[in-house]
Amino acid sequence: MTERAYLDWNATAPLRPDARAAILAALDHAGNPSSVHAEGRTARQLIEQARRQVAALVGADPDTIVFTSGATEANAMALSPYWSAKPGQPAITRLLVSAVEHPSVLGGGRFGAGVTHTIAVDSQGVVVRDALRALLAGGPAMVSVMLANNETGVIQPICEIAEIVHETGGLLHVDAVQAPGRIPFNFNDLNADLMTLSGHKIGGPKGTGALIRRSGLHLSDPLIGGGGQERGLRGGTENVAGIAGFGAAAAHITSHIGAEKAHALRLRKRIEAGLRAATPEVIIFGENADRLPNTTSFSHSGLRAETAVIAFDLARVAVSSGAACSSGKVQPSSVLAAMGVDSALARGAIRVSTGHATGDADIDRFLSAWTKLSESLLKGRDVIAA
Ligand code: PMP
């Protein structure tokens, strides 16, 4: 196989060897985790071990973790007016979401469009705290702000946001999908009420995720009913092999976070210095904010992301565009639009994201492809012909 540089880890991370081994081992267990016999108890043990591993990743209590089919489902479960600190407490009827959230949050979950409001971000993509305060003046709300953005890597000041939300009696949900393994963080220190994780972004299998809730938080009307699994919060026979793989990936990250963060930071410095050396006019989005060490989102005047991604692919480099493609029409990224980025520049946005297995040879390949591509760009030629 021809060697390629995979630089799209924020879309999905390759399966970690520990996760693969855990999945294969779990596939050979026949039991249903709800069965009382020995086979069932073995399957149950695999799930409970994974629950402890995922809990340890973020310093949460294992009892507060619900496994789901992914972060999209965990977000749908979180964004619900049926959460309360005490049974019988009045439902929270409004939802505030930051303008840079993932589409699975922007949709508003079970709140519905009429009661979902957007919190503005500044030019770096960071939530404007005064805008949040102004929206909360209308009464308590559930607030959803991500820990780190999937397109730009920009990190939100979650502790400060939690304080503002809690002062008014609201609940804070944090989509932390992009953060594990990239920055150390702790569920309790962030002071969130609900937190979403995804298995496949951390080297676990696709189709796995988790919702973590603050102890004592009660959900009166679960999204998926059924056989009472996951303490009645999420019906359906558990995806035992997937959950075991998610747990193994989490355990690996917990013990390697320091090294993985330092590795990512070193590569990002190389990427950004190389981009600047080839094209001094390059724009790096969110550059002045706190960012994930593994993510660079950039653009250049005249660049068209849809053709640039193809040109990179032909050069055996996998990156992604910051533009969303729906019904055949390429739309500028809503994240960059919320940051006030000019739409022509946003149309050229390219995201490069690395992971633990990314090496210097991958960065060399990316930078040499960019140098070639930018020569065509600067001469006004089609980049695919580069
Ligand atoms: N939230 C964020 C920030 C994401 O990046 C993603 C994946 N692109 C999701 C949620 C959805 O995750 P999943 O694929 O596990 O449903």
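A residue is called exposed here when its relative accessible area is over 50%, and buried when that value is under 20%. With those terms in hand, the predicted model can be followed from helix α1 to the strands around β12 and on to a residue of helix α11.

Helix α1 spans residues 17–27, and on the side turned away from its buried residues it carries P17 and R20, which are exposed. The buried residues of this helix are A19, A22, I23 and A26. Viewed down the axis of α1, these buried residues fall within an arc of 100 degrees, so they line one face of the helix. An α-helix has 3.6 residues a turn, so residues three or four places apart point the same way.

What lies over that buried face? The cover of the buried residues of α1 includes α2, residues 38–58, and α8, residues 240–278. For the second of these helices the geometry can be described further: α1 and α8 pack with their axes 7 Å apart and at an angle of about 150 degrees. Since angles over 145 degrees count as roughly antiparallel, α1 and α8 are therefore roughly antiparallel to each other. On the α1 side the contact is made by D18, A19, A22, I23, A26 and L27, and on the α8 side by V240, A241, A244, G245, A248, A249 and H252. The crossing in which α1 passes α8 is right-handed.

Strand β12, residues 295–299, is a second place to look at burial. In this strand 5 of the 5 residues are buried, so β12 is largely enclosed by the rest of the structure. Both of its faces are covered, with T295, S297 and S299 buried on one side and T296 and F298 buried on the other. Strand β11, residues 283–284, runs antiparallel to β12 and is joined to it by 2 bridges, with I283 standing opposite S299. Strand β17, residues 350–353, is also antiparallel to β12, and here 4 bridges join the two strands, S297 standing opposite R351.

The pair I283 and S299 leads on to L345, a residue of helix α11, which covers residues 343–346. Once neighbours within four places in sequence are set aside, L345 is in contact with I283 and S299, as well as with F285, H300 and S301. Is L345 buried or exposed? Its relative accessibility is 18%, and because buried means under 20%, L345 counts as buried. By C-alpha positions, L345 and A131 are 26 Å apart in space, and they are 214 residues apart in sequence.

Key. Residues are numbered from 1 along each chain as its sequence is written. This is a predicted model: local features need pLDDT of at least 70, side-chain atom pairs count only at pLDDT 80 or more; totals for chains, interfaces and linings use all residues. Side-chain values use heavy atoms; hydrogens and water are left out. Buried means under 20% relative accessible area, exposed over 50%, partly exposed in between (1.4 Å probe, protein chains only). The arc is that of the directions from the helix axis to the C-beta atoms. Contact means heavy atoms within 4.5 Å. Two strands pair if DSSP finds at least two bridges between them. Axes are lines fitted to C-alpha atoms, for helices over the stretch in contact, and angles run from 0 to 180 degrees between N-to-C directions. Angles under 35 degrees count as roughly parallel, over 145 as roughly antiparallel, 65 to 115 as roughly perpendicular and the rest as oblique. A crossing is left-handed if the near helix is turned anticlockwise from the far one by less than a right angle, and right-handed if clockwise.
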